[in-house]
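Please look through the sequence and the model shown below, and then follow this report, which goes from place to place in the structure and describes what is found there.

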Amino acid sequence: MLEYSALESITKGNGTIHDWRVLVDVLNLSECMGRGGVGPEVLPICQKAQESLHKAAMRYQETLSMGLDGEGIKACRDLIEYADLQQGSISRSEFERYIQKTKDYIRSHGDKVVEIE
């Protein structure tokens with residue numbers, strides 16, 4: 001539900017950096033799971049969502065306003081739906097392993113991750 005709330009806040013013009021971060025976390029986890037074989041059909045959606053979230057971050061740095069265009073909203077909505085399906089298709093312990101794997105990947109590739117200050 002946190003993901004839907006974050007997307008709604010951004011869609012309604014009340015988005016925060018925290019909302020953006022929630023969506024980025026969903027993106028990273030879904031991409032890691034897709035690459036690991038859990039719902040690999042999510043990968044093209046991840047690419048679209050990543051591009052949109054990157055644009056939102058760049059726009060935020062210029063305007064201090066967090067927002068997504070129509071394509072970005074659709075990509076993030078689709079991403080959240082896929083993430084729900086992915087997470088529901090595996091055990092809790094396997095899901096927790098993917099969470100840790102995603103954290104480890106981000107930690108080891110931190111210089112390539114978009115950050116907002």
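## Salt bridges, cores and a pocket

R21 counts as partly exposed, at 22% relative accessibility, a value that lies just on the partly exposed side of the limit, since buried means under 20% relative accessible area. Like everything else in this report, that value comes from a predicted model. The partner of R21 is D25, with which R21 forms a salt bridge whose closest N and O atoms are 3.2 Å apart. Both residues lie in helix α2, where 4 residues, or about one turn of the helix, separate D25 from R21. D25 is also partly exposed, with a relative accessible area of 39%.

The structure holds 6 salt bridges, and three of them, including the pair just described, are set out in the table.

| Salt bridge | N to O distance | Relative accessibility of each residue |
|---|---|---|
| E8 and K12 | 3.3 Å | E8 43%, K12 58% |
| D25 and R21 | 3.2 Å | D25 39%, R21 22% |
| D104 and R107 | 3.1 Å | D104 36%, R107 60% |

In the pair made by E8 and K12, E8 counts as partly exposed, whereas K12 counts as exposed. The pair made by D104 and R107 belongs to helix α5, in which the two residues are 3 residues apart, about one turn of the helix. Here D104 counts as partly exposed, while R107 counts as exposed.

Which residues touch the most other members of the largest nonpolar core? They are W20, L23, L53, L68, C76 and L79, out of the 25 residues that make up this core. Four helices, α1 (2-11), α2 (17-35), α3 (43-63) and α4 (70-88), each supply at least two residues of the core, and the largest share, 7 residues, comes from α3. As a general background to such an arrangement, nonpolar side chains tend to be buried together in soluble globular proteins.

C76 gives a closer view of this core, for when its neighbours within four places in sequence are left aside, C76 is in contact with L7, L23, A49, L53 and L68. Apart from the largest core lies another core, of 7 residues, among them L29, C32, M33 and Y98.

Two polar residues can be looked at next. Q86 lies in helix α4 and counts as buried, because its relative accessibility is 3% and the limit for buried is under 20%. Although Q86 and S30 are 56 residues apart in sequence, their C-alpha atoms are 7.5 Å apart in space. Not counting residues up to four places away in sequence, Q86 touches S30 together with M33, G34, V38, G39 and V42, and M33 has already appeared as a member of the 7-residue core.

S52, which lies in helix α3, is buried as well, with a relative accessible area of 6%. Beyond its neighbours within four places in sequence, S52 is in contact with L68, D69, E71 and G72, and L68 is one of the residues named above for touching the most other members of the largest core.

Is L64 buried or exposed? L64 is exposed, because its relative accessible area is 63% and exposed means over 50%. The place of L64 is in the loop between α3 and α4, and L64 has a positive phi of about 60° although it is not a glycine.

The last place to visit is the second largest pocket, which has a volume of about 310 Å³. Of the 14 residues that line this pocket, D25, V26, L29, I99 and K103 are the closest to its centre. Two of these names have come up before, since D25 forms the salt bridge with R21, and L29 belongs to the 7-residue core.

Helices α1, α2 and α5 (92-108) each supply at least two residues of the pocket lining, with α5 giving the most, 6 residues. By kind, the lining of the second largest pocket divides into 7 nonpolar, 3 polar and 4 charged residues.

Technical notes
Residues numbered from 1 in each chain as written. Predicted model: local features only at pLDDT ≥ 70, side-chain atom pairs only at ≥ 80, totals over all residues. Heavy atoms only, no water. Core = buried A, V, L, I, M, F, W, Y, C linked by side-chain atoms within 4.5 Å. Buried < 20%, exposed > 50% of the residue type's maximum accessible area, 1.4 Å probe, protein only. Contact = heavy atoms within 4.5 Å. 1 Å grid on protein atoms, 1.4 Å probe; cavity = no way out; pocket = protein on both sides within 12 Å on 5 of 7 lines; lining within 4 Å. Points joined across faces, edges and corners; volume = space filled by probe spheres on them. Nonpolar A, V, L, I, M, F, W, Y, C, P; charged D, E, K, R; others polar. Salt bridge = Lys/Arg side-chain N within 4 Å of Asp/Glu carboxyl O.
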